[in-house]
Amino acid sequence: MCRRFLWTGGVEVTKKALLVWDRLCWPRAAGGLNLLDIGIWNKAAICKLLWNLCKKKVWGDEPKQPSWVIQKIFKSKKYFEEAGYSEEEVFRMEKFPTKAMYLKLQGEFSKVPWRRMMCNNIGLPKWIFILFPAAYRRLQTRDRLRRWGCVEDDTCPLCHTEEETIDHLFFKCLFSTQIRTAVLEWQRVHRHAMTWDQELKWAEQYCKGRSSNAEIYRMSLAGSIYYILQERNA
């Protein structure tokens with residue numbers, strides 16, 4: 001279900017992908033969902049087979065007429081180089097940590113500023129799942145659907161006054177503004193609802209750590225986004 005929501009749907013019906021699939025395999029702190037990249041994991045697993053052969057001292061002694069499987073294993077030497085391992089380091093390994101090799105092949109990622117909204121959020125998983133594409137501004141709001149040619153009318157279905165963008169739907173619409181203002185007042189946060197980018201920036205600055213106020217804000221923001229979107233889709 002989650003895959004169909006984020007990517008291209010089922011076999012029969014396809015739709016616009018909300019996010020590049022590779023990005024979903026990034027670490028959560030880097031703005032991904034930390035899903036397993038099967039292609040990279042396969043490379044790491046093949047490297048383990050080569051490491052087992054290395055323990056038998058055949059690293060440089062390739063067979064003259066190897067099968068395609070053996071050829072594939074020996075070609076994985078380049079993956080060790082990509083991960084930054086030298087031949088000597090491979091020989092010195094007492095154990096081969098496949099997961100560590102996987103992380104090396106993945107490379108390094110820069111952290112996104114809104115990572116705390118995802119990683120340290122105690123809200124329901126379905127709230128956080130919707131918050132993820134919202135942080136990238138990739139939800140299927142009507143302004144995007146109109147650009148794709150899916151709809152002709154991009155008016156917000158909640159207030160019927162303005163174009164439905166992600167900023168309008170969650171923070172400028174009369175319906176959502178009343179909800180966000182009430183939630184902020186309940187948290188004793190005395191300010192008006194801002195745009196999506198401003199909300200994330202404000203959360204990054206004032207809602208760090210694991211204090212009760214910070215956790216409640218992160219949770220309430222994710223919950224507000226989820227239920228406003230649910231009402232819009234009703």
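By class, the lining of the largest cavity has 6 nonpolar, no polar and 3 charged residues, where Ala, Val, Leu, Ile, Met, Phe, Trp, Tyr, Cys and Pro count as nonpolar, Asp, Glu, Lys and Arg as charged, and the others, Gly among them, as polar. What I am showing is a predicted model, in which local features need pLDDT of at least 70 and side-chain atom pairs count only at pLDDT 80 or more, while totals for chains, interfaces and linings use all residues. Residues are numbered from 1 along each chain as its sequence is written, and side-chain values use heavy atoms, with hydrogens and water left out.

Let me stay with the cavity. A cavity here is a set of points, on a 1 Å grid over the protein atoms alone, where a 1.4 Å probe fits but cannot get out, and a lining residue has an atom within 4 Å of a point. The structure holds 1 cavity of 30 Å³ or more, and about 40 Å³ of space lies in the largest cavity, a volume being the space filled by probe spheres set on the points, with grid points joined across faces, edges and corners. Its lining consists of Pro113, Trp114, Arg116, Met117, Leu200, Ala203, Glu204, Cys207 and Arg218. Helix H8 (115-119) and H13 each supply at least two of these residues, and H13 gives the most, with 3; helices are DSSP runs of H or I with at least four residues, numbered from the N terminus.

H13 also appears at the second largest pocket, a pocket being an open set with protein on both sides within 12 Å along at least five of seven lines. This pocket has a volume of about 150 Å³, and Gln187, Arg188, Val189, Trp202, Tyr206, Cys207, Asn213, Ala214, Ile216 and Tyr217 line it. The elements giving two or more residues to that lining are H13 and H14, with the largest share, 4 residues, coming from H14. In class terms, the lining of the second largest pocket divides into 7 nonpolar, 2 polar and 1 charged.

How, then, do H13 and H14 lie against each other? The axes of H13 (residues 196-206) and H14 (residues 212-233) come within 11 Å and cross at roughly 160°, where axes are lines fitted to C-alpha atoms, for helices over the stretch in contact, and angles run from 0 to 180 degrees between N-to-C directions. That makes H13 roughly antiparallel to H14, since angles over 145 degrees count as roughly antiparallel, under 35 as roughly parallel, 65 to 115 as roughly perpendicular and the rest as oblique. The contact, meaning heavy atoms within 4.5 Å, is made by Trp196, Glu199, Trp202 and Ala203 of H13 and Tyr217, Leu221 and Ile225 of H14. These residues divide into 6 nonpolar, no polar and 1 charged.

H14 has a further partner in H12 (residues 174-186), and the axes of H12 and H14 come within 11 Å and cross at roughly 160°, which makes H12 roughly antiparallel to H14. Among the contact residues are Phe175, Ile179 and Trp186 of H12, and Ile216, Tyr217 and Leu221 of H14. The residues of this contact divide into 9 nonpolar, 3 polar and 2 charged.

Finally, the axes of H3 (residues 38-54) and H7 (residues 98-106) come within 9 Å and cross at roughly 130°, which makes H3 oblique to H7. By class, the contact of H3 with H7 has 8 nonpolar, 2 polar and 3 charged residues.
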